[in-house]
There are 2 protein chains.
Amino acid sequence: MEIRLSDAELDVMEVLWATTSPLTATDVADGVGGERQWSLATVKSLLSRLLAKQAIAPAKDGRRFLYSPLIDRDSYVGAESRRFVGRMYGGKLSPLIAQLAGEEALGDDDVAEIEALLARLKS
Amino acid sequence: MEIRLSDAELDVMEVLWATTSPLTATDVADGVGGERQWSLATVKSLLSRLLAKQAIAPAKDGRRFLYSPLIDRDSYVGAESRRFVGRMYGGKLSPLIAQLAGEEALGDDDVAEIEALLARLKS
DNA sequence: ATTTTTCGTTTACAACTGTAATCGATACGA
DNA sequence: TCGTATCGATTACAGTTGTAAACGAAAAAT
């Protein structure tokens, strides 16, 4: 029962994850801003697929539905991260950090934060 | 010209990346061990797709071809990592580390290695 | 010289994706 | 009450992916 999400589906989930309250299809369509400029029809298709995957739950509100996430963002992102790091770096984090070091992905503040994290881990 | 590889294609690339010498289709088929138990036909299909994506190059050797990678593993893995961290963590590494901390992905030796890395970065 | 094996290439086919139009039912506005 | 806007559901359709069989040419084996 391992749920995988496509890229587009993930964009929809992000909108749902971004609020506490359940949203309508129209809300979601409005929520996906920027690059992704989907028609309402497209958003509805994606919501259907997410329902089929049991990634979201519908709650009837009159004649329409309000959707809310069934899976937790942290769990999902955690699982995908484990998969990714396993696949690309044999499960080791250090080479990933080495890889991304020197890029914008790792500013001075980031370095400090990571060090604090590690310090806490060692206790 | 952004090359993306499917999961199966990546498995093939891993075999090619694992040796210095170019390999035949049969070599690759033998090389993918474990889970992936593909027929030779499957490997040939994947090699064709990799050729189309210009991820590998063929060198004629008599009546058959020897294949070698056109893209570098480090570049590919780096690009995918950037994409992944961008997508899942808004480009920040620290939350990834926080996420995977406490799992097998981060043993004591790993922590030490990462600290060394960061120390070197700060200089 | 003929059969068999081995190549690369072409074709297959179902599942998943991205992106949407259409449809049937219902609700709302005039 | 009669059109019109709005829902969710169904259908569409091309591209990608996983997995492979079929095909034609060439080489190797007998």
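Visitor: When are two residues in contact, and how many residues does the contact take from chain B?

Guide: Two residues are in contact if their C-beta atoms, placed from the backbone, lie within 7 Å. This is a predicted model, in which local features need pLDDT of at least 70 and side-chain atom pairs count only at pLDDT 80 or more, while totals for chains, interfaces and linings use all residues. Residues are numbered from 1 along each chain as its sequence is written, and chains are lettered from A and ligands numbered from 1 in the order in which they are written. Chain A gives 30 residues to the contact, and the number from chain B is 29.

Visitor: Which helix gives the most to the side of chain B that touches chain A?

Guide: Helices are DSSP runs of H or I with at least four residues, numbered from the N terminus. On this side of chain B, α4 (73–89), α5 (94–100) and α6 (108–122) each supply at least two residues. With nine residues, the element that gives the most is α6(B).

Visitor: What relation links chain B to chain A?

Guide: With copies superposed by least squares on the C-alpha atoms of residues with pLDDT of at least 70 in both, a rotation of 180° with 0.0 Å of shift along its axis brings chain B onto chain A at an RMSD of 0.1 Å. The relation is therefore that of a two-fold axis.

Visitor: Which residue of chain B has the C-alpha nearest the axis?

Guide: The distance from the axis to this C-alpha is 3.5 Å. The residue is B:Glu115.
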